[in-house]
Amino acid sequence: MKWLFFHYDTFLEFERSVTEHQFVLRCMPRTNDRQRVVQAEVKVSPAVPFTAQEDGFGNAVQAGCVFFEHNSFHYSAHGEVFVSPDNKDRCALNPAFAYPSRLTAPTPEMAAFLKALPLEGGRHAVAQAISSAVHAHIAYSPGSTDVHTTAAQVFAGRAGVCQDYAHVFVALARLAGIPARYANGLVLGEGASHAWAEAYIDDGWVGFDPTRDSAVGDDYIRFSVGRDFDDCPIERGVFFGDGGQRQTVQIKVRELSQIDPAPER
Amino acid sequence: MEELIRHAGQINQQLSRYGVKFGIYKNGAFNERLFPYDAIPRIISASDWRDLERGLVQRVVALNAFLGDIYGERKSIIREKVVPEEFVYLTSGYLAPCEGFAPAKGIFSHISGIDLVQDRAGRWFVLEDNLRVPSGASYPLIARDLCRRCSPDTFRRNHVVDNRDYGDLLKEVMDHVNCGGINVILTPGRYNAAYFEHSLLAERSQATLAEPADLVVEGNVLYYRTYEGNTRVGTVYRRIGDEYMDPLYFRQDSLIGVPNVMSVYRAGNVALVNAPGNGIGDDKGIYYFVPKMIRHYLGEEPILQNAPTYLPFYEGDRRYVLENIDKLVVKDVAEAGGYGVVFGSALSAGEREELKATIRATPRRFIAQEVIDFQSLPLMLDGKRVERKADFRAYVLAAGGVKVWASGLTRFSTDPVSFIVNSSQGGGFKDTWVLS
């Protein structure tokens, strides 16, 4: 069990001022089986009111609007989360996660790739093998893809970033008959937000990180989940204005103190 | 009747003056054309109508239960394997942002357009359910108005149920789910093919006609903008597609949406009529399961029959379809508006084999139906009385109770051999008289 403090900051700077800027944010972790949020807060600047609600997959959503002219938009989330080393989020399965979505539609080449893998054992072993195979297949290459890149494109191009690894994992796991979903959030020791994947095994979701080819442990804070990135982006906005924009992200994740798992009774 | 036929030219002239048009995409180009009116009405007897009404209400109640079941937690129809889950989640109509949300009063399909045909024996068969934005109610509404003006005696002599209540029914639907504020009909704008209908319905239902730029979200409330200030909106009868409703939740390139309206909707601060996500209920593949839904949710036998339909997804059906393809009509479930419909009999031997191979490779993509020899109706074409295939769209409105509008849209094909009467494919319309 880890007690983590996180601070997530994004600065958007607009080349020319914009108005009527409607936004939707998903940068607030929610309590579930593997993480308990003890305190967390979202702030936006310019300071405008926003609402907190839930989206279709239970993610926390903040929605609001900056009506007046502004040249920059800053949003941040910070808080403390207890994360369990037990890598499982127990809940009922929404069958939507068993089927391809727009960004995770499989190709015949991906099906052939899956067929050639030595997949043995139960769902956990199969998902683990897929995670390792995806890690080996794709080269980590920032700038080679963008948020619209599909799993099929990444699979063919063999280069991408964490979002792409997660999409390919999700597509292949579903092809193998394992419901899977996209997850994003923060990881202790990483300076950027991170994306990984979860596979539904027995009675809950188990995290896999194909980018790092590692298990999802108590150093991962989850913001949101979806069938793919499109279901749960950290930020999405529309506004009136015609200039370009620049985005800067700052992330701090710090361990507050070592906590032992609760002693067995 | 003779009097109506005499006035037909005049009425068509009036219709074109009012801008009663239909837009169609053909070969990649958008064309707007008049939707020709034929003066000889379809006449439905009072007893026939009573049966039809009962069947339609039952069907729409079951479809609403289905939508609530799928987007809610239970998903009983999937868990009990009445509907295979891929038929829900592989349709483009499934919308994740609608998960886990029950709209006001639990109504998803407020205005349903159910398309039917009658066989030669007079039995009704449902061909298609339209639970998203079924259009066309304005055609019989305006045609009846004009007929009444040209020939008031016709309606004095014949006991035809008055259809002028559509606006009131629509208002009732909007009022029933209103979350506080005015009723608005949202049109993409005056260049939309159905703009005439949007403006007519707004006038008849006393709603405000709004274009996307007239609506704005502030403080998780939807407002209609005016020069005097903002007015709160409680119901939006939106005449734009789900995917275009909100660029923050759906298609990001949509310029006709209202950003953050989905946040307001999910907070319960505005009703969207019809609910987004209804596409899982009127998908061509899901159609096959509607009789099963009626049994599952209502424990009743369906009053109205589907056209005999086969699902190549099931092995037995697939075998039948492949063996009998020359007498079946095959529909691609992803297409709408009469597109992707193939009559096996019209294919060459080579094309038939090609289609069979496609069905074998992707069986879930298709449904196949027996060709119903459906009734032709008389109509006047170039001064001569001829018979042409016609279908019927009934409008079913869900407010406190579920009601069927005692009128509807009868569409006919002008092509003597065509069975496709969808207005996207050419053809015209008639008034529909329900006798009292």
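Colleague: Where in chain A is R158(A) placed?
Modeller: This is a predicted model: local features need pLDDT (the predictor's confidence in each residue, from 0 to 100) of at least 70, side-chain atom pairs count only at pLDDT 80 or more, and totals for chains, interfaces and linings use all residues. Residues are numbered from 1 along each chain as its sequence is written, while chains are lettered from A and ligands numbered from 1 in the order they're written. With helices (H or I, at least four residues) and strands (E, at least two) taken as DSSP runs numbered from the N terminus, R158(A) falls in the loop between α3 (151–157) and β8 (159–160).

Colleague: Is R158(A) buried, exposed or partly exposed?
Modeller: Count the other C-beta atoms, placed from the backbone, within 10 Å: 20 or more is buried, 12 or fewer exposed, in between partly exposed. R158(A) has 13 such neighbours, so it is partly exposed.

Colleague: And what phi does K81(B) have?
Modeller: K81(B) is in the loop between α3 (76–79) and α4 (86–89) of chain B, and its 8 neighbours make it exposed. K81(B) isn't a glycine, yet its phi is positive, about 55°.

Colleague: Which residue does V273(B) join through a cis peptide bond?
Modeller: Look in the loop between β11 (271–273) and α10 (284–287) of chain B. Omega is about -10° there, and the partner of V273(B) is N274(B).

Colleague: What is the pLDDT average of chain B?
Modeller: In chain B, 93% of the residues score at least 70. The complex as predicted gets an ipTM of 0.93 and a pTM of 0.94. The chain B average is 91.
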